[in-house]
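Got your viewer open and a selection box ready? Let's walk through this one stop at a time.

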Amino acid sequence: MRKTILLVFTYLIFAFSTAQVTYKEISSASLNSERKLKIKLPKNYNPDSDVKHPVIIVFDGDYLFEPVAGQVDFQTYFDDMPSSIVVGIMQGEDRFYDAYYDPATGLPTESGLRFHNFVSDELLPYLDKEYNTSKFRVAVGHDRMGNFINSYLFKENLSFQAYVCISPDFVGSLSSFVSKRLTLFKDDVFYYMATSEKDIPQIRENILVTNDQIKAVDNKHLTYYFDDFNGETHYTLVTSAISRSFDKIFDIYTPLREKELEEKVLPYEGTLDQYLVDRYNRIEKLFGIEKEISEEELEKVAKIAEQREDLQSLYKLGKLANKLHPETLLGTYYLAQSAERLGKTKKAKKLYESALVLDDALNIDKEYIATKIEELNVVLVDLDDDIEDEEKEEDNEEK
């Protein structure tokens, strides 16, 4: 039943995606012809907005475009990736010529080189001119085109920052060239490759060899992911690979999850506000997107600060929350919490009182703040009584 529901939902996503697709033709000097494109813009795309969108170029757009566009719709709906512009290149009968390669190197030559130049020198500049594009581009290719997209790794200025090679049909020496090339990058590059248990044997064998070579690459700027799917064939692995690749490539864009909190936030050396700031600065640097740190994420990180008994981080998270969400009481609450735990009871009470004039936070309301103030009033009374008792004892001793 669950599988049926998922299939129906997937079908509806694909149908919805198709409804928003526009078809265009672009004239190419490199190809000396026109090439048809399928283009899907984000649901709320606004040409007058300053918001920029990553671009996903789908080779073999005749059959691969719809699965990619559907997956993008699915993942952007849950905010698991930024809203993106999806462009499918219709290749049809030209596919063989588009992917034409040198048998020795596996790199494009003749008609293949002309198609390579069409994409990098004509198509991408055209999209940048026509749409609000960010500098982050993803190339998606399957089989022959999975091999072909690797040719863009060898350009001095990268046309793509992420490569989704689905069961690539490596030829010549290209697979060994790829691993060597990936050692040299000094900017972030994402590389995803997939095969399957029932993949075409020769293709699978070459992919497994290439995987061993890339796994040995030591480059902090390379983010590499590999999948070997059980039970899938050369064709059925496509949808799984698209889903997994986007999951991995856009992992940093997603809201904080338990795994990241446990593996990266908890052991982070430094105050946790800095972890959040650095994380979102990287999102902006990679994708050209300014994404706001949410109250929910601040709350998750504050819980880690409490777990670490890290009052300095709690204090700085309060400062950060006040800067990002000044209308809510969240930041003031964290400042009051840190003061209270440091024994600065009067300061904590004043902070809690000042929070009462602000809006409720996601999971903290003014009713809860009021109970905290009552608790501190009791503590302050007890402190005053203790001070009076101490003063009386001192007077008796003097007498």
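In which sense do strand 3 and strand 5 pair, and over how many bridges? Before you look, keep in mind that this is a predicted model. Now select residues 53-58 for strand 3 and 133-142 for strand 5: the two pair in the parallel sense, over 5 bridges. To check the register, pick H53, whose bridge partner in strand 5 is T133.

Stay with strand 3 and add residues 85-89, which make up strand 4. These two strands also run parallel, joined by 4 bridges. Here V55 stands opposite I85. Switch on a surface and strand 3 turns out to be mostly covered, with 6 of its 6 residues buried.

Next, the salt bridges. How many does the structure hold? The count is 20, and a few make good stops.

Select R204 and D228, whose side chains meet at 2.8 Å, N to O. R204 sits in helix 7 (residues 201-215) and D228 in strand 8 (residues 222-233), so this contact ties together parts that are 24 residues apart in sequence. D228 is partly exposed, at 33% relative accessibility.

Move on to E297 and R279, a salt bridge of 3.8 Å, N to O. The pair links helix 11 (residues 295-307), home of E297, to helix 10 (residues 272-287), home of R279, so parts 18 residues apart in sequence are tied together. Is E297 buried or exposed? E297 is buried, because its relative accessible area is 4% and the cut-off for buried is under 20%. R279 counts as buried too, at 4% relative accessibility.

Now try D310 and R308, which form a salt bridge of 2.7 Å, N to O. D310 is buried, with a relative accessible area of 15%, whereas R308 is partly exposed at 24%. For a network, select R35, D94 and D98, which are linked by salt bridges.

Two surface patches round off the tour. Which residues make the nonpolar one? Select F96, Y97 and Y100: together they give a patch of about 310 Å². F96 belongs to helix 3 (residues 95-98) and is partly exposed, at 44% relative accessibility.

Finally, colour by charge and select E292, E327, D359, D360, D365 and E367, which gather in a patch of negative charge on the surface. Zoom in on D359, found in the loop between helix 14 (345-355) and helix 15 (366-398). D359 is partly exposed, with a relative accessible area of 44%.

Terms used
Residues are numbered from 1 along each chain as its sequence is written. This is a predicted model: local features need pLDDT of at least 70, side-chain atom pairs count only at pLDDT 80 or more; totals for chains, interfaces and linings use all residues. Side-chain values use heavy atoms; hydrogens and water are left out. Patches are made of residues with over 30% relative accessible area and no salt bridge: like charges are joined within 9 Å, nonpolar side chains (Val, Leu, Ile, Met, Phe, Trp, Tyr) within 5 Å. Accessible areas come from the Shrake-Rupley method with a 1.4 Å probe; for residues, only the protein chains shown count as cover. A salt bridge is a side-chain nitrogen of Lys or Arg within 4 Å of a carboxyl oxygen of Asp or Glu. Lys and Arg count as positive and Asp and Glu as negative; His and the chain ends are not counted. The place of a charge is taken as NZ of Lys, CZ of Arg, CG of Asp or CD of Glu. Buried means under 20% relative accessible area, exposed over 50%, partly exposed in between (1.4 Å probe, protein chains only). Two strands pair if DSSP finds at least two bridges between them.
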